[in-house]
Each structure stands twice: as C-alpha cells, then as structure tokens.
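Got the model open in your viewer? Keep a selection box handy, and we'll walk through it one stop at a time.

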Amino acid sequence: PFHFWAPDVYEGTPTLFTAAMASLVKLASIGAFLRIIQLNVDLLPAWLNAYYAMLILATLILGNALAIKQQSVKRLLAYSGIVQAGFILMGFISLRPGEEWPVLFYFIAYVLASVVCFVVVHFVESREGTDALDAFRGLGQRNPILAGTMTLALISLAGGPFTSGFVAKLYVLNQAVANGYAALAVVAVVCTLMSVYYYYKVINAIYSKSADQALPIEPVYSGLLILFTLITLAAGILPSFFTGLLK
C-alpha cells in the first residue's frame, strides 16, 4: 500500500518502459522475497502472518479505492498493480516448502495481462497523445485486435472466468482459507468485485461508438498480443497443465 509513487512514475515514464517496470521489476522483487522466505522458513516469527494480513488488507482496500476515480489508464493500471500485489502477498501466508506454486501462477497471470494492457496503451497513447480514458473510446472499431486483447487482459486482471487471473485468485484465496484466514479471503473477494467497476469502465470506453480513423499496428505486435492472450485463456481453461509445470 506504500507504493504511492507508482501512479506518478507510470504516468511520466514512456509506456513500454512502464510495461517492463510492471513485469520485470516485480518479477525480480517478488522472486527475491520468495527466495528469502524459502531459505528462512524455520526462523520466521509467528506474528509475521498477522503482519502480512494487515498489509494485504491495506493494499486491497486503498488500491481499489484510489483506482476507482482514475481517468488516466496508466494510473489506473498502477493502482491495479498495487491491488494485484496484495493478492500475490496472500500466497505468502503460512508459506511452506512446496507450496510456492500459487504465488508463481498468480504472478505469471498478472504479467501476461499487464504486458498486454501496457502495449495497447502504448499504441493508443502514440496515436492520441494521451492515455486518458476518452482516448480509448471506439478502439473496438479502430483496431479489433488491440481492443479484444486488452479486453481479455482486463477481464483476467478482474478475475473473470476462463482466464488465468480467475484461476490465480482462486488458488491464493483457497490457500488463505486453508491456512485459517477465511475472513481475509472474504474481504479480498469483496475487493475483487470493487475492481470490476474500474476495469469494465475501460472496456465500456473501448466499445463505445467512435468515428475516428483506424489505428493500425505492425503484425509482429499483433502476433505477440494474440499469443499472450491465448496463454491467458489456456491457463484459465487448463490450469492443471501449468500448475504441473510449476510444481
């Protein structure tokens, strides 16, 4: 919840660099944190889980509350990243050796959706000169590939069915309940419902009517966006294959 710098940095940084910050930097930090926990699991104090729970609650509640009012899509995704970090941290509660795979699965799901969103924002911002919500109006007509891939990415971030984001949330929530944190899981579910509002606000803009010209992109970018989207769907429909690899 203390990443209040993130929206300003995301907004002021070139979007493709922002995509790297949202994926590679988080990968490094979460990977390092996970390794520290793995190497010191027998030395960790009992109160650490309660500390995790307080951080998770603050992250989910504050992140969602601040994301709702955003009109800049990059700032919205920054607060979304804060919320997603809260869900990832939920996987660290009472973490035992061999149970790291829900954290890894969640992170993969987040990176896939996040990179797609930021790449689409990059093209819209390059054309319109802004990442404001109004710049995305009519994107469904101007470039169906950009619109479709970003829509599925946002649905995944919101935890919509048949996406990797849905399965990832299910795994960490189930782990939290199994470890005795059912109340925390209930709050997380409520916060997930809150997040649906601001994700679908972007989707609504994407499919609103517009008379703007087409927004063409290079085939290689279209191919990468479609590939990431297909993996997102595959991980949501056949999660056992991916969890088997992670285990």
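Helices here are DSSP runs of H or I at least four residues long, numbered from the N terminus. With that in hand, remember that you are looking at a predicted model.

**Stop 1: S195**

Select residues 182-206: that's helix α9, and S195 is in it. Is S195 buried or exposed? Buried means under 20% relative accessible area. S195 comes in at 3% relative accessibility, so it counts as buried. Now show what is around it: leaving out residues up to four places away in sequence, S195 touches N64 and A158.

**Stop 2: helix α2**

Next, select residues 15-39. This is α2, with 25 residues. From the first C-alpha to the last, α2 reaches 36 Å, close to the 36 Å expected at 1.5 Å a residue. Turn the helix side-on and look for M21, where α2 bends by about 30°.

Colour the buried positions of α2 next: T15, T18, A19, A22, S23, K26, I30, L34 and I37. What covers them? The cover includes α1 (5-12), α3 (48-67), α4 (73-90) and α5 (101-128), so bring those up as well.

**Stop 3: helix α4**

Keep α4 on screen. It has 18 residues and reaches 26 Å between its first and last C-alpha, close to the 26 Å expected at 1.5 Å a residue. Of those 18 residues, 17 are buried, so α4 is largely enclosed by the rest of the structure.

**Stop 4: Y110 and the largest cavity**

Now pick Y110, which is found in α5. Y110 has a relative accessible area of 5%, so it is buried. Setting aside residues up to four places away in sequence, Y110 touches A22, K26, G81, Q84 and L157. Two of the names in that list may look familiar: A22 and K26 are among the buried residues of α2. For a distance check, draw a line from Y110 to R96: they are 14 residues apart in sequence, and their C-alpha atoms are 22 Å apart in space.

Y110 also takes you to a cavity. There are two cavities of 30 Å³ or more, and the largest has a volume of about 50 Å³. To see its lining, select Q84, Y106, A109, Y110, A113, S156, L157, G165, A168 and K169. The elements giving two or more residues to this lining are α5, α7 (144-158) and α8 (164-178). Of these, α5 gives the most, with four residues.

**Stop 5: the second largest pocket**

Stay with α2 and α5, and add α10 (219-237): these are the elements that give two or more residues to the lining of the second largest pocket. The pocket has a volume of about 150 Å³. Its lining residues are L16, A19, V115, V116, V119, Y221, L224, L225 and F228. Which helix contributes the largest share of that lining? It's α10, with four residues.

**Stop 6: the largest nonpolar core**

Time to look at the packing. The largest nonpolar core has 76 residues, and F92, F136 and M150 are those with the most contacts inside it. Its largest share, 17 residues, comes from α5. Centre the view on F136. Apart from neighbours within four places in sequence, F136 is in contact with V73, V120, V121, V124, D131, M150, A205 and I206. So you'll see M150, another of the residues with the most contacts in the core, right there in the list.

**Stop 7: three loop residues**

Finish in the loops. Start with S94, in the loop between α4 and α5. S94 has a positive phi of about 50°, although it is not a glycine. Its relative accessible area is 18%, so S94 is buried.

Then jump to F162, in the loop between α7 and α8. F162 isn't a glycine either, yet it has a positive phi of about 65°. Is F162 buried or exposed? With a relative accessible area of 61%, F162 is exposed.

The last pick is G129, in the loop between α5 and α6 (139-142). G129 is exposed too, with a relative accessible area of 63%. Draw one more distance, from G129 to F33: they are 96 residues apart along the chain, and their C-alpha atoms are separated by 37 Å.

Terms used
Residues are numbered from 1 along each chain as its sequence is written. This is a predicted model: local features need pLDDT of at least 70, side-chain atom pairs count only at pLDDT 80 or more; totals for chains, interfaces and linings use all residues. Side-chain values use heavy atoms; hydrogens and water are left out. The expected span of a helix is 1.5 Å times one less than its number of residues. The bend at a residue is the angle between axes fitted to the seven residues ending there and the seven starting there. Buried means under 20% relative accessible area, exposed over 50%, partly exposed in between (1.4 Å probe, protein chains only). Contact means heavy atoms within 4.5 Å. A nonpolar core is a set of buried Ala, Val, Leu, Ile, Met, Phe, Trp, Tyr and Cys residues joined through side-chain atoms within 4.5 Å. On a 1 Å grid over the protein atoms alone, a cavity is a set of points where a 1.4 Å probe fits but cannot get out, and a pocket is an open set with protein on both sides within 12 Å along at least five of seven lines; lining residues have an atom within 4 Å of a point. Grid points are joined across faces, edges and corners, and a volume is the space filled by probe spheres set on the points.
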